[in-house]
Amino acid sequence: MPTTISPPHRPHRPFSKHLAALALAFSALACLPSTAAHAAELKIGLFADVSTLDPHFNNIAPNVAMSTHLFDALVNVDADGRLVPGLATSWSAINPTTWEFKLRHGVKFHDGSEMTAEDVVFSLDRPATLTNSPGPFTSYTKQIVAKQIVDPYTIRLKTATPYGPLALDVSTIFIVSKKAALHATQEDFNSGKALIGTGPFKFGKFTRGDRIELVRNDAYWGPKSDWDKVTFRILTSDGARLAALLAGEVDAIDNVPPADVADVKKNPKFTVAQKTSWRTIFWTLDQSRDVTPDITGKDGKPLARNPLKDIRVRQAISKAINRQALTQRTLDGLGVPASNIVAPGILGYADALKVEPFDPEGAKKLLAEAGYPNGFNLTLHGPNNRYINDERVVQTVAQFLSRIGITCKVETLPLSVYFGQARTGAFSMALLGWGTLAGDFGLRTLVGTANPDTGWGSWNWGRYSNPKVDKLVQSSLASVDAKAREQFAEQAAVTALQDYAVIPLHHQYATWALRKGLQYTPRIDEFTLAQQFHPQ
């Protein structure tokens, strides 16, 4: 007989659908079409906080998206995830271990100085010089063993071994002014003193946790923004963010509260832009320590061994999760169940991996075989202000696990605190979201054996290690032939996920809401970029 799952408990929402509908009804005046006099200013409400304006210090999506306004990389990424020219007009492998990048001529930094190959070399070197980074960029630069300036507009990057995705790596490293950034501190960037880039906007003001103000760079080398000024308001509360849009305090918001998407779509004063995201939400599990901090026996006493080191326990946890119910109910339909750590269509996505069937009885059997017939106690950790309904996702999974005997406590934290603690190994089972344009790229970072010298495993919170996976990932990254690279990446994904290196949950949707009179091209990377908003 099919098993019926009752909808998971939903905590009180500060901005209910009823209130949303009421606000929509009274928002007509605030949402009248903008006049030409106001068309040059854009106000955007952001879901996620920005922790720093230093483009090399903390590799999390909100920071990277904000850096995209102020800086450029050698290679940029378009809305569909394709690599396109940035500060480099072209790039090519002149031999298996040497890539050559041709730089644009006449590109100016915000202070009027010219960008040259020396700034590029400095920017590629800088991530390795930063200490105490909660999310280092070094995994994108460690493979570069030498840099050669051929002339002011040509640079060659050498790798120790053949390396295919170098262009993808450098798309994440923003080019800063050597003159401005040399010896600069975090405060120098956050105050604007060192915030000298080549991007479409210049620094205006940064009030941490509140707002970021930018002004248009009229000397930008690419298409100029339609906006003289852009104000990003940090509105991590779903209710406050939606209310600001309805009241006309902002022109657009990202991460529309899932339960309110349908109401906003129906309102003639707004438009909604959506795209399936590259972001996969998954669980990381402590697989390296004999004793893990957040697990005890049912008597509350520490266990002699870490259950998560047993593949049967990891598989049981995966089988206990009803991903269909999770995506349809907890996410309000704004996601699809996942079997991979990359989204469909991305290099390395393995069709051979199927979504784990919901099988609580099979999960109980596996736990008993592993020596835990009565389960154990486990604390689940996750953020409460980063992913779609992230706190509810953690609570829902806790309910699923309780049905197979794993009694769960839930602890969620603000992103600014959560990532820093998770990276230190403070948690036994932690929620993480990740997006990438290549599976081998993601596997290297998320499940590759951690090695600070090579940058592998920089986000491998569970300290998973499998030499076979490492070898397959390395073969993929070293492949010049595109088909061979994809085959190796898929084999690596199958090997890692059949070993339950991590437990995939879902791929989430990205949703933006805009006042009428604006248009936005939704992005696979979920970035909210002011330069890509245009008046209709």
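## A buried tryptophan and its partners

Tryptophan 434 counts as buried because its relative accessibility is 8%, and the cut-off for that class is under 20%. This value, like the others in this report, was computed from a predicted model. Tryptophan 459 is also buried, since its relative accessible area is 2%.

The model holds 15 aromatic pairs in total. In one of them, tryptophan 434 and tryptophan 459 meet in a tilted arrangement, with 5.4 Å from centre to centre and 55° between the planes. This pair joins distant parts of the chain, for tryptophan 434 belongs to strand β17 (residues 429-435), while tryptophan 459, 25 residues apart from it, sits in the loop between α14 (439-446) and α15 (467-477).

## The wider ring cluster

Tryptophan 459 also forms a tilted aromatic pair with tryptophan 461, at 5.9 Å centre to centre and 35° between the planes, and both of these residues are buried. Ring pairs connect Trp434, Trp459 and Trp461 with Tyr418, Phe419 and Phe427 in a cluster. In addition, arginine 423 lies over the face of tryptophan 459, at 5.1 Å from the ring centre.

## Enclosed spaces

There are 5 cavities of 30 Å³ or more, and the largest cavity contains about 190 Å³ of space. Its lining is made of 18 residues, of which Pro62, Ala65, Asp254, Glu526 and Thr528 are the closest to its centre. Helix α2 (residues 61-70) gives the largest share of this lining, 5 residues.

The second largest cavity has a volume of about 70 Å³, and the residues that line it include Asp254, Tyr509, Trp512 and Glu526. Here the largest share of the lining, 5 residues, comes from strand β18 (residues 502-515).

Technical notes:
Residues are numbered from 1 along each chain as its sequence is written. This is a predicted model: local features need pLDDT of at least 70, side-chain atom pairs count only at pLDDT 80 or more; totals for chains, interfaces and linings use all residues. Side-chain values use heavy atoms; hydrogens and water are left out. Rings of Phe, Tyr and Trp (its six-membered ring) pair if their centres lie within 6.5 Å; planes under 30 degrees apart count as stacked, over 60 as edge-to-face and the rest as tilted. Helices (H or I, at least four residues) and strands (E, at least two) are DSSP runs, numbered from the N terminus. Buried means under 20% relative accessible area, exposed over 50%, partly exposed in between (1.4 Å probe, protein chains only). A charge sits over a ring if NZ of Lys or CZ of Arg is within 6 Å of the ring centre and within 35 degrees of the ring normal. On a 1 Å grid over the protein atoms alone, a cavity is a set of points where a 1.4 Å probe fits but cannot get out, and a pocket is an open set with protein on both sides within 12 Å along at least five of seven lines; lining residues have an atom within 4 Å of a point. Grid points are joined across faces, edges and corners, and a volume is the space filled by probe spheres set on the points.
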